[in-house]
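Trainee: I am new to this structure and would like to look closely at just one part of it. Could you take me slowly through one helix and whatever lies against it, and explain the reasoning behind each step?

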Amino acid sequence: MGSEVIIMPIIIGSIFGIFYLYFSTRNRERLALIEKGADASIFGKGQEHTAPIWKVLILNIALLLMGIGSGIFIAMLLETYTTIDEGAIYPACIFLMAGLALFAGFKMTKQLDK
């Protein structure tokens, strides 16, 4: 019973710590560059030609779900027509096809940014 009380503050504190370090370090780097006379336009560089995040998210979720579905289908075919153990083939096919789908999503996202 007492471990739940300890674990939640640790998780929340870790997440807060990561965000705090990220934003404070980024702020310090920007202030140091501005003090040295660097132009403020360098902070927005590389953001003008990217695809909207909702397109990338929908593309990756759709490909992931298609990969999971095809992994289940391939595992079912392998189970039916081979003597491979069904306990091992389903997770293997699902993870393999989901990984391939996410890799394809990564490649398609790179093309979408062009």
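Mentor: Among the elements that cover the buried residues of helix 3 is helix 2, and since you are looking at a predicted model, everything I describe here is computed from that model. Helix 3 covers residues 86-113, and its buried residues are I89, C93, A98, A101, G105 and T109. The relation also holds from the other side, as what covers the buried residues of helix 2 includes helix 3. In helix 2, which runs over residues 53-81, the buried residues are V56, L59, L63, G67, G71 and A75. When you look at how such residues are spread along a helix, it helps to remember that an α-helix has 3.6 residues a turn, so residues three or four places apart point the same way.

Before going into single residues, it is worth checking the length of each helix. Helix 3 has 28 residues, and at 1.5 Å a residue it should span 40 Å, while its end C-alpha atoms are 41 Å apart, so the two values agree. Helix 2 has 29 residues, for which the expected span is 42 Å, and because its end C-alpha atoms are also 42 Å apart, expectation and model agree here too. The expected span in each case is 1.5 Å times one less than the number of residues.

Now follow three residues along helix 3, beginning with T109, which is found in this helix. T109 has a relative accessibility of 13%, and because buried means under 20%, it counts as buried. Leaving aside residues up to four places away in sequence, T109 touches V56, L59 and N60. Of these partners, V56 and L59 are themselves among the buried residues of helix 2, so this contact is one place where you can see the two helices meet.

A92 also lies in helix 3, but its surroundings read differently on the accessibility scale, as A92 has a relative accessible area of 43% and is therefore partly exposed. Its C-alpha atom is separated by 9.6 Å from that of I72, although the two residues are 20 residues apart along the chain.

The third step is to come at helix 3 from its partner, by way of L78, whose place is in helix 2. L78 has 28% relative accessibility, and it therefore counts as partly exposed. Not counting residues up to four places away in sequence, L78 touches I89 and C93, and both I89 and C93 belong to the buried residues of helix 3. L78 can also be set beside Y90, since the two are 12 residues apart in sequence and 9.2 Å apart in space, C-alpha to C-alpha.

Just past this helix comes K114, which is found in the segment after helix 3. With a relative accessible area of 85%, K114 is exposed, because that value is over 50%. The C-alpha atom of K114 is nevertheless separated by 8.5 Å from that of A51, which is 63 residues away along the chain.

For contrast, you may look briefly at helix 1, residues 2-35, where M8 has its place and is partly exposed, with a relative accessible area of 45%. M8 helps to make a nonpolar surface patch of about 800 Å², together with I7, I11, I12, I15, F19, Y22 and F23.

To return to the part you asked about, the picture of helix 3 rests on its buried residues, I89, C93, A98, A101, G105 and T109, on the cover that includes helix 2, and on contacts such as those of T109 with V56, L59 and N60 and of L78 with I89 and C93.

Note on methods. Residues are numbered from 1 along each chain as its sequence is written. This is a predicted model: local features need pLDDT of at least 70, side-chain atom pairs count only at pLDDT 80 or more; totals for chains, interfaces and linings use all residues. Side-chain values use heavy atoms; hydrogens and water are left out. Helices (H or I, at least four residues) and strands (E, at least two) are DSSP runs, numbered from the N terminus. Buried means under 20% relative accessible area, exposed over 50%, partly exposed in between (1.4 Å probe, protein chains only). Contact means heavy atoms within 4.5 Å. Patches are made of residues with over 30% relative accessible area and no salt bridge: like charges are joined within 9 Å, nonpolar side chains (Val, Leu, Ile, Met, Phe, Trp, Tyr) within 5 Å. Accessible areas come from the Shrake-Rupley method with a 1.4 Å probe; for residues, only the protein chains shown count as cover. A salt bridge is a side-chain nitrogen of Lys or Arg within 4 Å of a carboxyl oxygen of Asp or Glu.
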